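Biologist: Let us go through some labels and ask what stands behind each one. Please set every value against its cut-off.

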Amino acid sequence: SMEQGNTAKALELARIAQKKHKKQKWVIRTVYGLELAEQQWDEALKTLKNIEKLHALEASIIKSDRLALLTHMAQLALQDGQTTKAVKLLRAALRIDPCFIPAVLILTEQHLLDKRKQAAQRLIAKCWKSVPHPALVPLWETLAPENKPKDPAVRLRWAEKLIKMNPDHVESYLAVARTAIHDRLWGEARQFLKEAEAICLDHQI
């Protein structure tokens with residue numbers, strides 16, 4: 001069935017084999033692969049749990065697959081308008097890895113859509129301290145207060161909070177430099193870029 005491309009039939013047969021040989025690791029791995037091929041995400045997630053019990057895959061692969069499944073299922077739920085389900089799935093992913101960037105990005109965007117700015121801020125801040133991913137920067141900028149006619153550095157000070165959260169990472173300084181450039185604060189931008197360069201040079205040494 002697999003050679004003929006009939007994955008649905010192959011999955012049916014593989015599940016029969018699994019019932020007869022519950023502890024055969026290669027059988028459950030086959031079932032899992034076919035469930036993924038058939039996009040049976042809920043079933044695949046359940047099978048992955050059994051794979052974990054049997055130690056049929058490496059722990060790192062199980063973790064990676066579970067994170068990917070939960071995040072993908074959350075995206076599908078959002079597409080179907082099932083926001084509550086999506087948020088639940090994303091939170092489940094972040095319980096496994098609090099800084100899994102794909103899940104962090106989607107959940108942060110959902111918080112922003114729901115006008116939950118403080119929740120979005122907390123999520124970004126928590127992640128930035130250990131995984132300062134550049135994809136988080138535009139979302140942080142979205143939360144920034146507006147500049148004022150007599151104070152053109154309001155947004156810059158907001159961006160500088162990233163440096164306070166993670167003062168030893170080059171991405172913190174690049175993020176602030178980006179804000180400075182956007183707001184035409186050339187002197188400040190130059191200074192932050194120099195600091196980013198210094199960190200890169202230190203790491204090379």
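Biologist: Why is there no bond between the sulfur of Cys-99 and the closest cysteine sulfur?
Modeller: Keep in mind that this is a predicted model. The closest cysteine sulfur to that of Cys-99 is in Cys-127, at 3.1 Å. A disulfide needs the two sulfur atoms within 2.5 Å. The sulfurs are therefore too far apart for a bond. Cys-127 is in no disulfide either, with the sulfur of Cys-99 as its nearest. The structure holds zero disulfides.

Biologist: What makes Cys-99 and Cys-127 buried?
Modeller: Buried means under 20% relative accessible area. Cys-99 has 13%. Cys-127 has 0%. Both values meet the cut-off, so both cysteines count as buried.

Biologist: How do you know that Glu-35 and Arg-15 form a salt bridge?
Modeller: The N to O distance between their side chains is 2.9 Å. The cut-off is 4 Å, from a Lys or Arg nitrogen to an Asp or Glu carboxyl oxygen. The pair therefore qualifies. Glu-35 lies in helix 2 (residues 25–37) and Arg-15 in helix 1 (residues 7–20), so the bridge ties together parts that are 20 residues apart in sequence.

Biologist: Why is Glu-35 called buried, and Arg-15 partly exposed?
Modeller: Glu-35 has 2% relative accessibility, under the 20% limit for buried. Arg-15 has 27%. Partly exposed runs between that limit and 50%, so the label fits Arg-15.

Biologist: What about Gln-18, also in helix 1: why is Gln-18 called buried?
Modeller: Its relative accessible area is 18%. That is under 20%, so Gln-18 counts as buried. Leaving aside neighbours within four places in sequence, Gln-18 is in contact with Val-27, Ile-28 and Val-31.

Biologist: What makes Glu-52 and Arg-66 a salt bridge?
Modeller: Their closest N and O atoms are 3.0 Å apart, within the 4 Å cut-off. Glu-52 is in helix 3 (residues 41–54) and Arg-66 in helix 4 (residues 59–79), 14 residues apart. Glu-52 is partly exposed at 37%. Arg-66 is buried at 18%.

Biologist: How do you know that Arg-155 and Asp-183 belong on the list of salt bridges?
Modeller: Their side chains meet at 3.0 Å, N to O. The limit is 4 Å, so the pair counts. Arg-155 is in helix 9, and Asp-183 is in the loop between helix 10 and helix 11, 28 residues apart. Both residues are buried.

Biologist: How many salt bridges does the whole structure hold?
Modeller: The search finds seven.

Key
Residues numbered from 1 in each chain as written. Predicted model: local features only at pLDDT ≥ 70, side-chain atom pairs only at ≥ 80, totals over all residues. Heavy atoms only, no water. Helix = DSSP H or I, 4+ residues; strand = E, 2+ residues; numbered from the N terminus. Buried < 20%, exposed > 50% of the residue type's maximum accessible area, 1.4 Å probe, protein only. Contact = heavy atoms within 4.5 Å.
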